[in-house]
2 protein chains.
Amino acid sequence: MVTKSPRPAGAPAGAAPTAGQALAVEWLTEDQQRAWRAYLDGTARFVSALDRAHDAGIPVTLGEYHLLVQLSEQPDRTLRMSALADGLALSRSRLTHTVDRMERRGLVERRPVPGDRRGVNCVMTDEGWKLLQQAAPAHVAAVRRLLVDVLDPEEFAVLGRAMAKVAREAKAAVDG
Amino acid sequence: MVTKSPRPAGAPAGAAPTAGQALAVEWLTEDQQRAWRAYLDGTARFVSALDRAHDAGIPVTLGEYHLLVQLSEQPDRTLRMSALADGLALSRSRLTHTVDRMERRGLVERRPVPGDRRGVNCVMTDEGWKLLQQAAPAHVAAVRRLLVDVLDPEEFAVLGRAMAKVAREAKAAVDG
DNA sequence: GGGTGATGGTTGATTTTTCAACTAAACGCC
DNA sequence: GGCGTTTAGTTGAAAAATCAACCATCACCC
């Protein structure tokens with residue numbers, strides 16, 4: 001197995017790292033490789049299956065759905081753009097565009113933030129709320145069918161804990 | 001906790017499902033909810049952190065990198081478009097466009113498939129190979145730093161197994 | 001109270017992705 | 001051997017995401 005054609009991230013035959021680095025790269029073991037690939041592949045396929053479910057009958061995009069969910073959890077179904085962007089791990093620009101579209105559809109509204117004249121609040125409209133309600137059952141069913149019910153409970157729990165750690169780390173890497 | 005404002009996928013107060021369904025939707029428990037959120041959030045942040053790493057110093061996009069990796073594992077660094085699309089969970093159209101771009105950059109080449117005049121093979125060029133080599137160390141380092149080394153080994157192993165199951169299920173859902 | 005830098009958000013151009021329509025070759029089958 | 005169907009891949013237009021500037025307000029602090 002060692003002499004396969006140089007694998008994904010397997011030790012490349014020639015080329016040394018560009019510069020500076022002391023070549024202290026540790027490649028992944030076979031097992032790690034497998035797990036990493038499984039994660040990658042599984043996530044890609046899961047997301048696209050879920051997307052497909054949203055196309056077929058759920059009246060909002062997966063992304064829009066998540067945005068509505070975030071808002072739905074706020075006391076007044078209201079969240080500042082920046083908080084929303086952070087919560088959803090979206091760029092500010094992307095959020096601006098997304099909210100533009102959703103606003104046009106009447107799902108959310110922009111309102112000024114009381115204390116800060118720079119700020120903009122994003123508020124879910126009744127329309128948006130209704131749509132969320134409508135979308136929720138099929139969405140949850142899909143998540144169950146494609147993820148939750150596929151795993152046994154402990155597995156799923158571990159997955160959750162693991163990804164929570166990953167989230168923390170990634171967050172640190174980005175803004176740290 | 002039950003009487004929070006209707007949660008993400010928590011039991012909505014009003015609206016019944018659109019039609020037909022016998023309302024047999026099972027909502028997620030608190031724990032499941034947490035795990036699902038963690039997965040979603042963790043994945044989003046992980047991917048964007050990895051993307052960012054690719055921007056900063058790695059000379060190919062994450063997507064392009066994965067494509068090159070797939071090719072690198074084939075005997076002749078060659079794979080049919082359809083196989084590549086399946087392997088990467090990409091739409092055919094998206095693959096066509098992506099390969100267009102990469103071909104312009106000289107990273108891959110299109111060649112006819114010997115036995116089947118409909119088919120198109122995608123072959124990694126030496127250029128592409130060199131680039132992959134160059135990119136690999138930093139890529140692997142990032143994956144380690146952001147994922148592999150963040151988890152303890154058993155956790156990571158479980159993650160791998162779990163997502164492999166998920167991948168199978170999603171695949172079944174899509175083409176089954 | 002007037003700079004200076006950070007924060008919040010938007011804009012518009014560029015690049016990617018998606019979507020639906022389309023061509024061409026292969027397959028099956030009678 | 002001819003006809004419908006499926007498979008492979010491309011195309012181009014429309015939608016969405018990214019990127020780099022940009023404007024305004026705020027916060028600090030001297």
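Which residues come nearest to DNA strand D? The legends below answer this and describe further close-ups.

**Notes for all views.** This is a predicted model, in which local features need pLDDT of at least 70, side-chain atom pairs count only at pLDDT 80 or more, and totals for chains, interfaces and linings use all residues. Residues are numbered from 1 along each chain as its sequence is written, chains are lettered from A and ligands numbered from 1 in the order in which they are written, and side-chain values use heavy atoms, with hydrogens and water left out.

**View 1. The protein surface near DNA strand D.** Of the 19 residues around this strand, Ser93(A), Arg101(A), Ser82(B), Thr96(B) and Arg110(B) come nearest; a residue is near a strand if one of its heavy atoms lies within 4 Å of it. Among the atoms of DNA strand D that come within 4 Å of the protein, sugar and phosphate account for 75%. By class, the surface has two nonpolar, seven polar and 10 charged residues. Here Ala, Val, Leu, Ile, Met, Phe, Trp, Tyr, Cys and Pro count as nonpolar, Asp, Glu, Lys and Arg as charged, and the others, Gly among them, as polar.

**View 2. Polar contacts to DNA strand D.** A polar contact is a pair of N or O atoms within 3.5 Å; within protein, one must be able to donate a hydrogen and the other to accept it, and residues adjacent in sequence count only if both atoms are side-chain atoms. Thr96(B) has a polar side-chain atom 2.7 Å from a phosphate oxygen of the strand. A backbone N or O atom of Val120(B) lies 2.8 Å from a phosphate oxygen. The side chain of His97(B) has an N or O atom 3.1 Å from a base oxygen.

**View 3. Polar contacts to DNA strand C.** Around this strand there are 19 residues, and the closest are Ser82(A), Thr96(A), Arg110(A), Val120(A) and Ser93(B). Sugar and phosphate make up 73% of the strand's atoms that come within 4 Å of the protein. A polar side-chain atom of Thr96(A) is 2.6 Å from a phosphate oxygen. Ser93(A) has a polar side-chain atom 3.2 Å from a base oxygen, while a side-chain N or O atom of Ser93(B) lies 2.5 Å from a base nitrogen.

**View 4. The relation between chains A and B.** A rotation of 180° with 0.0 Å of shift along its axis superposes chain B on chain A, with RMSD 0.0 Å (by least squares on the C-alpha atoms of residues with pLDDT of at least 70 in both). The two copies are thus related as by a two-fold rotation axis. In chain B, the C-alpha nearest the axis belongs to Leu159(B), 2.8 Å away from it.
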